[in-house]
Amino acid sequence: MDKYCGREVYRYFPLSNFNSTAMNTYSEVIDYLYARLPIFQRVGAPAYKAGLDNIIALCDALGNPQEKLSVIHIAGTNGKGSTSHYLASILQSAGYKNVGLHTSPHLKDFKERIKINGKPIPEKEVIDFVNTYKELIERIDCSFFELSVAMTFHYFAKKKCEIVVIETGLGGRLDSTNIVDPLVSVITNISLDHMFFLGDTLQKIAYEKAGIIKPGKPVVIGETQTETKEVFMEMAGQSLSEITFADTIFTTINASGVNENGKLYLELNVLKNGKPYIQDLHSELNGMYQQKNICTVLATVDILNKVGHKISMEHVKDGIARVVSQTGLLGRWQILSQSPLTIADTGHNEAGIKEILEQIKITPHKHLHFVFGMVNDKSADSVLKLLPKDATYYFCKANIPRALDVNTLQAEALRYGLKGLCYNSVKEAVAAAQQNATKADLVFVGGSTFIVADAL
C-alpha cells in the first residue's frame, strides 16, 4: 500500500515543518501540499473556493498551458469518472499521441489525478513543479484542487498531448477546470449532491453543471431528465451550441452476470436510433449502470468524428474492453476478493446508491454483508432509507475529518431498521465482514469514496 493511501494521506503536517529550501522527495512535496493547501476531500466546505480568479492567475503565470490543449470537458453528478476513463481509453486505442486524463479525487495516490496514456505523472514532475512554483502557490493562496488543475494543464502542455480528457471537480460553472475551450462538453447526469455549493434543486444543479457549455461548441447530455432538460436546452441555445441527448439516440441490450469462473461480466448490443449498431460490446467495467455511461461515450465519439477526428468502431470496442487496463481506473464495482466475493464501489449519493443496489440484486449471493460509512456533510437519510434491511452492516469511519461519526451513523441506520456493529477502521470492518461471510455470500464496501479509498 502506498504511503499516501487511506489514513496517512490525511495526516496534518504543521507548516512550521517546511522552510524555504527545496523539497527533494515526493513525500516531502505531498506532505507540504496537504499542510499548505486546503483539500475539499479532507475538510469539506472550508476548502471550497468558488470562482475562477485563482486558477486564472495560476495559469497566466504558467503561460496559459490550457490554451495549447485539445480538450474533452466532462461534468455531471454520477458517471463522469467512468465516462472520462472510457473516452481516454478509446482515444488510446485510436492511436492518439499522449492522451491526457485528469480526474478527481484520487483513491490511493495524488498521481492518479494526472495521467498520460494511463501512466500517472512521474514523481519528479510533481517535485519540480511544486519547487519551481512554490512562491506563486503561496502568494495566490490557491486550494489543493486549483493547484492540481494548474499542474495538470502544465504537464499536458509540456508533454504535447494530442488530446486530453478533463473531468470537473464538484461543479461546472465555477469549477477550476472551466477555463478550457473544449472540442465538446459532456454532462453525464444530474442528481442531488453537493447541494450546499450547487443548489438545492435539480434545476439549480443543472445550471451550475451547464456552465461548461461554451459558445459554438457542441454539448452531449448523457441522460434526459424532465427536471433538467429545459435548463440544458436554454443554456445551449444561448451559446449557439449543438446539443445531443445521448439516451435518445443510443440504447443498449445487455447480458450481464457471473460466468462459470465466478467473474462478473457486462456485454452489450447497442442500437442507434432503434437500429443495430454495435454487437457484442464487452466492458471491462462490469457494473450494469455503465450502460448509461457507454451511451454517453458513443454520442461523444460521434461528435468527435464530426469535428474531424477519426475514431472507428474497432477503436471504440477495444477502448471499452480495455478501459481498466489502459487507464488504471479504480473503485468502480471493483472486485477485492473472490472468496468471499468482495466488491467495492465509490457510488455515494442517492442516485449512485440506487444503481449499486440494482447491481447487488443481480449478483448471486446468499446473504449481503455491507461495509458502510458516509461523510458528515451528506444527507444520510436519503441513502439509509434505500438500503436493504436484511443485510448485516459493518459501520465504519474513513480516516478523514469529514467522515460521519460511526456511532452516529449506527444510530441513524437503526431508525431505518438497519442493524450492525461499529468498527474502529475500514480495515477492521472489511476483515470482520469477510470472516463472517460464507463462500456463497457477498461483501460490499461503499457508502463513501473514502471508505473505498481506505479499503484499497
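Q: How many of the residues of strand β14 (residues 368–372) are buried?
A: In this predicted model, β14 is a mostly covered strand. L368, F370 and F372 point one way from it, while H369 and V371 point the other way, and all are buried. The count of buried residues in β14 is therefore five of five.

Q: Which strand pairs with β14 over five bridges, and in which sense?
A: Let's start from one residue, V371, whose bridge partner is V445 in β17. Taken as a whole, the pairing covers five bridges, and the partner and sense are β17, parallel.

Q: Which residue of β15 stands opposite F372?
A: β14 is also joined to strand β15 (residues 392–395), by four bridges, and the two run parallel. Across from F372 in β15 stands F395.

Q: Is the ring pair of W333 and F444 stacked, edge-to-face or tilted?
A: A pair of aromatic rings is described by the distance of the centres and the angle of the planes. For W333 and F444 the centres are 5.8 Å apart and the planes meet at 35°. Stacked needs an angle under 30 degrees and edge-to-face one over 60, so the pair of W333 and F444 is tilted.

Q: How many residues apart in sequence are the parts that the pair of W333 and F444 ties together?
A: W333 lies in the loop between α12 (323–327) and β12 (334–338). F444, in turn, belongs to strand β17 (residues 442–446). The pair therefore ties together parts whose separation in sequence is 111 residues.

Q: Are W333 and F444 buried or exposed?
A: The cut-off for buried is under 20% relative accessible area. W333 has 2% relative accessibility, and F444 has 0%. Both values fall under that cut-off, so W333 and F444 are buried.

Q: Which residues do ring pairs link into a cluster with W333 and F444?
A: The search of the whole structure turns up eleven aromatic pairs. Two of the strand residues described above, F370 and F372 of β14, take part in the cluster. Alongside W333 and F444, the linked residues are F370, F372, Y393 and F395.

Q: Which ring does the charged end of K229 sit over?
A: Here a lysine meets an aromatic ring, with its charged end 5.7 Å from the ring centre. The ring beneath K229 is that of F245.

Q: Which side chain does N64 join in a polar contact of 3.2 Å?
A: N64 is found in the loop between α3 (53–61) and β1 (71–75). With a relative accessible area of 18%, N64 is buried. The side chain in polar contact with that of N64 belongs to Q66.

Conventions. Residues numbered from 1 in each chain as written. Predicted model: local features only at pLDDT ≥ 70, side-chain atom pairs only at ≥ 80, totals over all residues. Heavy atoms only, no water. Phe/Tyr/Trp six-rings, centres within 6.5 Å; stacked < 30°, edge-to-face > 60°. Buried < 20%, exposed > 50% of the residue type's maximum accessible area, 1.4 Å probe, protein only. Lys NZ or Arg CZ within 6 Å of the ring centre and 35° of its normal. Polar contact = N/O pair within 3.5 Å; in protein donor to acceptor, adjacent residues only side chain to side chain. Pairing = 2+ DSSP bridges.
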